[in-house]
Amino acid sequence: MKTIITISATIAVLSLTAPRTAKANRIQIRYGIIQDKEVKYQEITVAEIPDVVTKTLEKDYSGYATEKVFKGDDGTYKIIVAKDKVKEILVFNNKGEVIKVEVPESQKLHL
């Protein structure tokens with residue numbers, strides 16, 4: 001009986017000290033965090049807006065007054081437009097497409 005207990009104890013101790021192997025899994029991340037580069041804008045005149053951007057403004061924002069125009073160092077244009085008491089900040093790419101519409105901070109308080 002002592003022999004069986006000794007053998008069982010030895011096997012148990014050896015199984016605890018044996019190195020464990022784990023199967024390595026490859027994990028693929030589909031979505032990552034993309035950090036936008038901070039774009040620096042410089043004010044320009046309305047006459048300096050490209051024709052493709054002007055056409056989009058005339059078509060989609062007729063009746064809006066252009067208050068300020070900025071050109072980004074990445075080729076985008078930020079244009080502040082207003083109609084009545086509503087202001088919007090429009091961001092255009094160099095193809096004349098609106099890529100972002102923002103509400104000025106001063107108007108966010110009233111929403």
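Which residue of β5 stands opposite Val-91? Select Val-91 and look across to β5: the residue opposite is Lys-100. The model on display is a predicted one, and the tour below moves outward from this pair to the sheet, the helix beside it and several individual residues.

**The whole chain**

Display the protein as a cartoon and colour it by secondary structure. There are 3 helices and 5 strands, and along the sequence these elements follow the pattern α-β-α-β-β-β-β-α. The protein has 111 residues, of which 22% count as buried. If a surface is switched on, the accessible area comes to about 9600 Å², and 55% of that area belongs to carbon and sulfur atoms. Among contacts with a separation of 6 or more, 39% are made by residues 24 or more positions apart.

**The sheet**

Next, select the strands. The 5 strands make up an open sheet in the order β1-β2-β3-β4-β5, with antiparallel pairing. At its edges are β1 (41–44) and β5, each of which pairs on one side only. Neighbouring strands of the sheet are turned by 25° against each other on average, direction ignored.

Return to the opening pair. β4 and β5, the strands concerned, are joined in the antiparallel sense over 4 bridges.

Move then to β3 (77–83). This strand is mostly covered, since 5 of its 7 residues are buried. Toward β2, the antiparallel pairing of β3 extends over 6 bridges; select Lys-71 and its bridge partner Tyr-77 in β3 to see one of them. Toward β4, the antiparallel pairing runs over 7 bridges; here Ile-80 and Ile-89 in β4 are bridge partners.

**The two hairpins of β3**

Select the connection between β2 and β3. This hairpin has 4 residues between the strands, and Gly-75 takes a positive phi near 90°.

The hairpin of β3 and β4 has 2 residues between the strands. Select Asp-84 in the loop between them. Its phi is positive, about 60°, although Asp-84 is not a glycine. Is Asp-84 buried or exposed? The residue is exposed, with a relative accessible area of 77%.

**Lys-78, within the sheet**

Select Lys-78, which is in strand β3, together with Leu-90. The two residues are 12 positions apart along the chain, and their C-alpha atoms are separated by 5.6 Å. Now show the surroundings of Lys-78. Neighbours within four places in sequence aside, the residue is in contact with Tyr-41, Lys-68, Val-69, Phe-70, Ile-89, Leu-90, Val-91 and Glu-102. Val-91, from the opening pair, is thus one of the contacts of Lys-78.

**Helix α2 and its two faces**

Select residues 51–60, helix α2. Which of its residues are buried? They are Val-53, Thr-56 and Leu-57. These residues cover an arc of only 100° around the axis, which puts them on the same side of α2. The general geometry is familiar: an α-helix has 3.6 residues a turn, so residues three or four places apart point the same way.

Show what lies over the buried residues. The cover includes β2 (65–72), β3 (77–83), β4 (86–92) and β5 (98–102). Then rotate the view to the face of α2 turned away from the buried side; there the exposed residues are Asp-51, Lys-55, Glu-58 and Lys-59.

Stay in α2 and select Val-52. At 38% relative accessibility, this residue counts as partly exposed. Draw a distance from its C-alpha to that of Lys-95: the two residues are 43 apart in sequence and 6.3 Å apart in space. Beyond residues up to four places away in sequence, Val-52 touches Asn-94, Lys-95 and Gly-96.

**The aromatic pair**

As the last stop, select Tyr-61 and Tyr-64. The protein has 1 aromatic pair when ring centres must lie within 6.5 Å. The rings of Tyr-61 and Tyr-64 have their centres 5.4 Å apart and their planes at 80°, so the pair is edge-to-face. How do the two residues stand in accessibility, buried or exposed? Tyr-61 is buried, with a relative accessible area of 15%, while Tyr-64 is partly exposed at 25%.

Note on methods
Residues are numbered from 1 along each chain as its sequence is written. This is a predicted model: local features need pLDDT of at least 70, side-chain atom pairs count only at pLDDT 80 or more; totals for chains, interfaces and linings use all residues. Side-chain values use heavy atoms; hydrogens and water are left out. Buried means under 20% relative accessible area, exposed over 50%, partly exposed in between (1.4 Å probe, protein chains only). The arc is that of the directions from the helix axis to the C-beta atoms. Contact means heavy atoms within 4.5 Å. Accessible areas come from the Shrake-Rupley method with a 1.4 Å probe; for residues, only the protein chains shown count as cover. Two strands pair if DSSP finds at least two bridges between them. Axes are lines fitted to C-alpha atoms, for helices over the stretch in contact, and angles run from 0 to 180 degrees between N-to-C directions. Rings of Phe, Tyr and Trp (its six-membered ring) pair if their centres lie within 6.5 Å; planes under 30 degrees apart count as stacked, over 60 as edge-to-face and the rest as tilted.
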